[in-house]
Amino acid sequence: MGAVRKVVSYLGLSGVDHYDEGYDDDEHYEDEYVPATERAARRWRANVDSSRIVMVQPLKYNDAPLIGQHFRDGQTVIMDVTGMSMPEATRMVDFAAGLAFGCEGRIERIAERVFLLAPAHVEIETT
């Protein structure tokens, strides 16, 4: 018997049982499995009137949380960045694009420096 096995045996670790049996409530969790995309869609599902459209004219990047809050609440947001400098406007549009992607929504340019952020449940038609 090797030195390591003697130490393991002395410490009482050699007779460790390995459990191959499942838990009693395995079926409970298997029935509730929901893909990550569905869980995300439930999380961002609208809890307010989806016909409401919010117009936001941010003047600085610090106004981004206001846009994020409206969008996460399920409201369609029109974001007009004409009053911002070009670097800050670019940063705000990058934020809005990430927000829309993360919440499975859409962002569309509707005019020069004006963007529409639509949640996943809002349908956009272009002609």
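**A sheet, a helix and the core they share**

Let me begin with a pairing: strand β2, which covers residues 76-80, is joined to strand β4 by 4 bridges, and the two strands run antiparallel. Before I go further, please keep in mind that what we are looking at is a predicted model. Within the pairing of β2 with β4, you can find V77 standing opposite L117 of β4.

On to the next pairing of β4, which is with strand β3, residues 106-111, and here the pairing is again described as antiparallel, this time over 5 bridges. Two positions help us follow it by eye: R106 has A118 as its bridge partner in β4, and R109 stands opposite F115, also in β4. As a general reminder for those who are new to this, the strands of a sheet pair through backbone hydrogen bonds, and they do so either parallel or antiparallel.

If we now step back to the whole sheet, we see an open sheet of 4 strands in the order β1-β2-β4-β3, and its pairing is mixed. Which strands are at the edges? They are β1, residues 53-56, and β3, each of which pairs on one side only. On average, and ignoring direction, neighbouring strands of this sheet are turned by 20° against each other.

Let us stay with β4 for a moment and ask how many of its residues are buried. For this strand, residues 114-118, the count is 5 of 5, so it is mostly covered, where buried means under 20% relative accessible area. Both faces of the strand are covered, with V114, L116 and A118 buried on one side and F115 and L117 buried on the other.

Just before β4 comes the hairpin that it forms with β3, which has 2 residues between the strands. R113 lies in that loop between β3 and β4, and its phi is near 65°, a positive value in a residue other than glycine. A similar note belongs to E104, which has its place in the loop between α5 and β3 and which has a positive phi of about 60° although it is not a glycine. With a relative accessibility of 36%, E104 counts as partly exposed.

That brings us to helix α5, residues 86-102, which lies across β2, β3 and β4 and runs at about 140° to β3. One residue to pick out in helix α5 is A96, and we may ask whether A96 is buried or exposed. It counts as buried, because its relative accessibility is 0%. Leaving aside residues up to four places away in sequence, A96 touches M79, I107 and L117.

What does the largest nonpolar core contain? It has 18 residues, and those with the most contacts inside it are I67, F71, M79, V81, M92 and L117. The elements that give two or more residues to this core are β1, α4 (64-72), β2, α5 and β4, and α5 gives the most, with 6 residues. In soluble globular proteins, nonpolar side chains tend to be buried together.

F71 deserves a closer look, since we have just met it in the core: not counting residues up to four places away in sequence, F71 touches V77, L99, A100, C103, G105, L117, A118 and P119. If you would like to relate F71 to A96, the two are 25 residues apart in sequence and 9.4 Å apart in space, going from C-alpha to C-alpha.

I will finish with the aromatic residues, of which the structure holds 1 pair. The partners are Y61 and F95, arranged edge-to-face, at 6.3 Å centre to centre and with 85° between the planes. Y61 lies in the loop between β1 and α4, while F95 is in helix α5, so the pair ties together parts that are 34 residues apart in sequence. Y61 counts as partly exposed at 22% relative accessibility, and F95 is partly exposed too, with a relative accessible area of 25%. Y61 has a further partner to look for, as the charged end of R91 sits over the ring of Y61, 3.8 Å from its centre.

Definitions and conventions
Residues are numbered from 1 along each chain as its sequence is written. This is a predicted model: local features need pLDDT of at least 70, side-chain atom pairs count only at pLDDT 80 or more; totals for chains, interfaces and linings use all residues. Side-chain values use heavy atoms; hydrogens and water are left out. Buried means under 20% relative accessible area, exposed over 50%, partly exposed in between (1.4 Å probe, protein chains only). Two strands pair if DSSP finds at least two bridges between them. Axes are lines fitted to C-alpha atoms, for helices over the stretch in contact, and angles run from 0 to 180 degrees between N-to-C directions. Contact means heavy atoms within 4.5 Å. A nonpolar core is a set of buried Ala, Val, Leu, Ile, Met, Phe, Trp, Tyr and Cys residues joined through side-chain atoms within 4.5 Å. Rings of Phe, Tyr and Trp (its six-membered ring) pair if their centres lie within 6.5 Å; planes under 30 degrees apart count as stacked, over 60 as edge-to-face and the rest as tilted. A charge sits over a ring if NZ of Lys or CZ of Arg is within 6 Å of the ring centre and within 35 degrees of the ring normal.
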